[in-house]
Amino acid sequence: MYVSVGDINGIGLELILRNHAEIAAYCKPIYCIDFEVLECAAKKLALQIPKDMYIHPLNMQDIFDDEIIKAGQICAKSGLYSFKSFEKALELCIKHNASLVTLPIHKYAWQLAGIEYAGHTQYLRHRFQKEAIMMLGCKEMFVVLFTDHIPLSKVSGLIQKERLLQFFRDFYHAYSWLFAPIQKVQGLKNDTETKDSKNIQLESLQELSSNTLKQNAINANLVKRLLYDEKTTIEKIEKTQDSIQNNHSTQIKKELKIAVLGLNPHAGDNGVLGHEDMIINECIEIINKEIGAEVFIGSIAPDSAFIPHNREKYSIFIAMYHDSGLAPLKALYFDRSINVSLNLPILRTSPDHGTCFDKAYQSNNNISMESYLESFRFLFQGNV
């Protein structure tokens, strides 16, 4: 698993340093950062660098001509560094079929650095030429966004039958993939196929001098062996794969219920308050017929979608636009909510909070660690 470190002027490096021991107990995260940058953060925070940390250098420490970290400041250099960390982590995830955890970036810092993408999700869509789906929340409630970071004035025009129907299809298949235990063994078959290849393990920080960081090849076995014990053989998995997947598909159809929010007040009141909700209802009917079960429910009036009665029945809500879904989510679960990118060749998670520049590198800042920890737990504990 690879970790991009986010904006180094924010709280990302503090989250990494304070929580590494807990995370390393069940996985081997590899952080894409130069040792000099990590060392600078540790000194500012008066923290020790864990000796069992694995890092992949960017060799970019020289871009900082004076102080490396400028706590709480928006600047082009920290924006560029966060993008390059993300770009490198993504490249390594693709190469080694691994998962990705991204720390918060500052979108304006990216803009100052001349980066044309508005954030992680937009770059992922560009990189894979696929419509990445944003799902945010925690195990109690996830919100899926049909549209995300676009002006509200453009949302209505995007609610088109084929576009929305394809979104429902993509999400259903991505969600099913997320639950499939065989498929979540990331790179297991490749790991077996390449077992005779030469693997070079990354050196831990204990083996590095304080001023020198050596470039190392990534140990593919380290990255890919995520969920299954080494004693589990690929032959056993292949023998049971078909029956597990067939039973699992049936189980998802029976149990999965997804609440779909309307766009307009009262979900349009049968067209009185807008025609978009009629398109939403038509797409719900079509996708349920394709699945062969009533999985997508709605459309539900947005103002009452998240009342306690509905949250008892549904744990996944699809919102037509950003704020209609995320306002209630953040009111209920702000400290624990994470961002998950679905419908991509890799699985990416991220804390659902920002860089917190106002709390960065300050003593007694009382920052919550839960969203960061949930980003890792989700990948290993199936918290959907």
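Helices and strands are DSSP runs, helices of at least four residues and strands of at least two, numbered from the N terminus. The model described here is predicted. Just after helix α3, Asn97 takes a positive phi of about 55°.

Helix α3 itself covers residues 76–96. Its 21 residues reach 30 Å from the first C-alpha to the last, close to the 30 Å expected at 1.5 Å a residue. Many positions along α3 are buried, including the aromatic residues Tyr81, Phe83 and Phe86. Ser78, Gly79, Leu90 and His96 are also among the buried residues of α3. Gly79 lies 7.8 Å from Gln111, C-alpha to C-alpha, although 32 residues separate the two in sequence. Gln111 belongs to helix α4, residues 107–112. Gln111 counts as exposed because its relative accessibility is 56%, above the 50% cut-off.

Strand β10 spans residues 338–342. Five of its five residues are buried, so β10 is largely enclosed by the rest of the structure. Ile338, Val340 and Leu342 point one way from the strand, while Asn339 and Ser341 point the other way. β10 pairs with β5 in the antiparallel sense over five bridges. Within that pairing, Ser341 of β10 is the bridge partner of Met134. β10 also pairs with β11, again antiparallel, over four bridges. Here Asn339 is matched with Ser350 of β11. β10 and β11 form a hairpin with five residues between them. In the turn, Asn343 has a positive phi of about 70°.

The largest pocket holds about 390 Å³ of space. Its lining comprises 22 residues. Lys107, His149, Asn339, Asp352 and His353 lie nearest its centre. Two or more lining residues come from each of α5 (120–128), β5 (133–138), α13 (322–333) and β11 (348–351). By class, the lining has six nonpolar, twelve polar and four charged residues. Asn339 thus links two parts of this description: it is a buried residue of β10 and one of the residues nearest the centre of the largest pocket.

The second largest pocket holds about 330 Å³. It is lined by 17 residues, of which Arg125, Glu131, Phe146, Thr147 and Arg163 are the closest to its centre. Both α5 and α7 (161–179) supply at least two residues of this lining. α7 gives the most, with four residues. The lining divides into seven nonpolar, five polar and five charged residues.

How values were computed: Residues numbered from 1 in each chain as written. Predicted model: local features only at pLDDT ≥ 70, side-chain atom pairs only at ≥ 80, totals over all residues. Heavy atoms only, no water. Expected span 1.5 Å × (residues − 1). Buried < 20%, exposed > 50% of the residue type's maximum accessible area, 1.4 Å probe, protein only. 1 Å grid on protein atoms, 1.4 Å probe; cavity = no way out; pocket = protein on both sides within 12 Å on 5 of 7 lines; lining within 4 Å. Points joined across faces, edges and corners; volume = space filled by probe spheres on them. Nonpolar A, V, L, I, M, F, W, Y, C, P; charged D, E, K, R; others polar. Pairing = 2+ DSSP bridges.
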